[in-house]
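User: Could you walk me through how to read burial, disulfides and charge patches in a model like this one?

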Amino acid sequence: MAERLSVVFGHLHSRNGETIQSCPVSGLDIGSHFQYTVDKPSVLTQEQRKFYEDNGFLVIRGLVSEDNLDIYRKRFGEICRQDVKVPGITIMRDVAIAKSEFVPGEKAITKLQDFQNDDVLFGYCCLPEVVTYVESILGENMLAMHTMLINKPPDAGKKTSRHPMHQDLHYFPFRPAERIVCSWTAMQRVNRENGCLVVVPGSHKGQLLPHEYPQWEGGVNKMYHGIQNYDPSMPRVHLEMEPGDTVFFHPILIHGSGMNRTKDFRKSISCHYASGDCHYVDVSDTTQSVIADEVLELVKKRIGDGVQVDFADIWKFKSRPVKGEDHLNEKL
Ligand SMILES: O=C(O)CCC(=O)C(=O)O
């Protein structure tokens, strides 16, 4: 099985029913009043630390340089044109574009996912200026679990460029939630016009909620699950950002992004990190089993039905250590 998964994920580094419940989200015995960040010398000011604790996100302006953003833009073009082939990468097309006439090159691509085996894009996950913030939230052992370069297309008139309000923990079979964080960097100006991120401040203190595909007339992109019976009256904040600005956010924070009403693609690059001290959980019989089944079905199409593989195995093979020790995968 390991070999087959290696093929799928190009692992090149050592390294429905009723009574469905949410998988427990926390496993921490919290001694200090700070729950979502670690007690150690940190780049965070007291004010920033308190902001993240209270709101579940923190925007750091100008964190990633224009030179680095240029490197990632260029690499995105090379991968889309297939000048470079990256083992394990998933190249996704917007549902509206996929159904329309042939669109060549990067204009057809809405997202690159799992770029952990491309040292150029993976450079983002290892940027010291990013890692130092991640470390203040997770501690010094960290793994990159999920990587994405999102190329939100101009909306084709079907509103499919929206990303429904969701919680990232829905996708993850590891805990505790407090030791997971996403770093999301704007690769250009992002605003309400081109579909910036929208967050519900403080929602990280809630529970993991059941998700499903929203009933959108124009269709929904694959894996874009949204919160069931989402209440749109919850106060939310639009995160307008300049190139290089980076938001760090908690995996229970409710967030999504709007429609891209401009003629240009809206690019961002992101990495979800987990502490090397996290552990895997069994999500069967929880609200997460829907996404686990969907992902497993996709993987089995690629590696064959006869192979015994569970959801956690997939994450193990996608992950790549960034710093410190990996006790997460050694326990599997
Ligand atoms: O970048 C976006 O438009 C939203 C990304 C997002 O929320 C996600 O992939 O979980």
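User: Is Cys278 buried or exposed?

Analyst: Buried means under 20% relative accessible area, exposed means over 50%, and partly exposed lies in between, with a 1.4 Å probe and protein chains only. Cys278 has a relative accessibility of 0% and therefore counts as buried, while Cys126, at 35%, is partly exposed. This is a predicted model, in which local features need pLDDT of at least 70 and side-chain atom pairs count only at pLDDT 80 or more, whereas totals for chains, interfaces and linings use all residues. Residues are numbered from 1 along each chain as its sequence is written, and side-chain values use heavy atoms, with hydrogens and water left out.

User: How many disulfides does a search of the whole structure find?

Analyst: A disulfide is a pair of cysteine sulfur atoms within 2.5 Å, and the search of the whole structure finds 0. For Cys126, the closest cysteine sulfur is that of Cys125, 6.1 Å away, which is too far for a bond.

User: Which residues gather in a patch of negative charge on the surface?

Analyst: Patches are made of residues with over 30% relative accessible area and no salt bridge (a side-chain nitrogen of Lys or Arg within 4 Å of a carboxyl oxygen of Asp or Glu), and like charges are joined within 9 Å. Here the negative patch on the surface brings together Glu140, Asp277, Glu325 and Glu330. Glu140, in the loop between helix 6 (128–138) and strand 4 (142–152), is partly exposed at 48% relative accessibility.

User: What share of the residues of the protein chain count as buried?

Analyst: Of its 332 residues, 56% count as buried.

How values were computed: Patch = residues over 30% accessible without salt bridge, like charges linked within 9 Å, V, L, I, M, F, W, Y side chains within 5 Å. Areas by Shrake-Rupley, 256 points an atom, 1.4 Å probe, with all protein chains shown as cover. Lys, Arg positive; Asp, Glu negative; His and termini not counted. Charge placed at Lys NZ, Arg CZ, Asp CG, Glu CD. Helix = DSSP H or I, 4+ residues; strand = E, 2+ residues; numbered from the N terminus.
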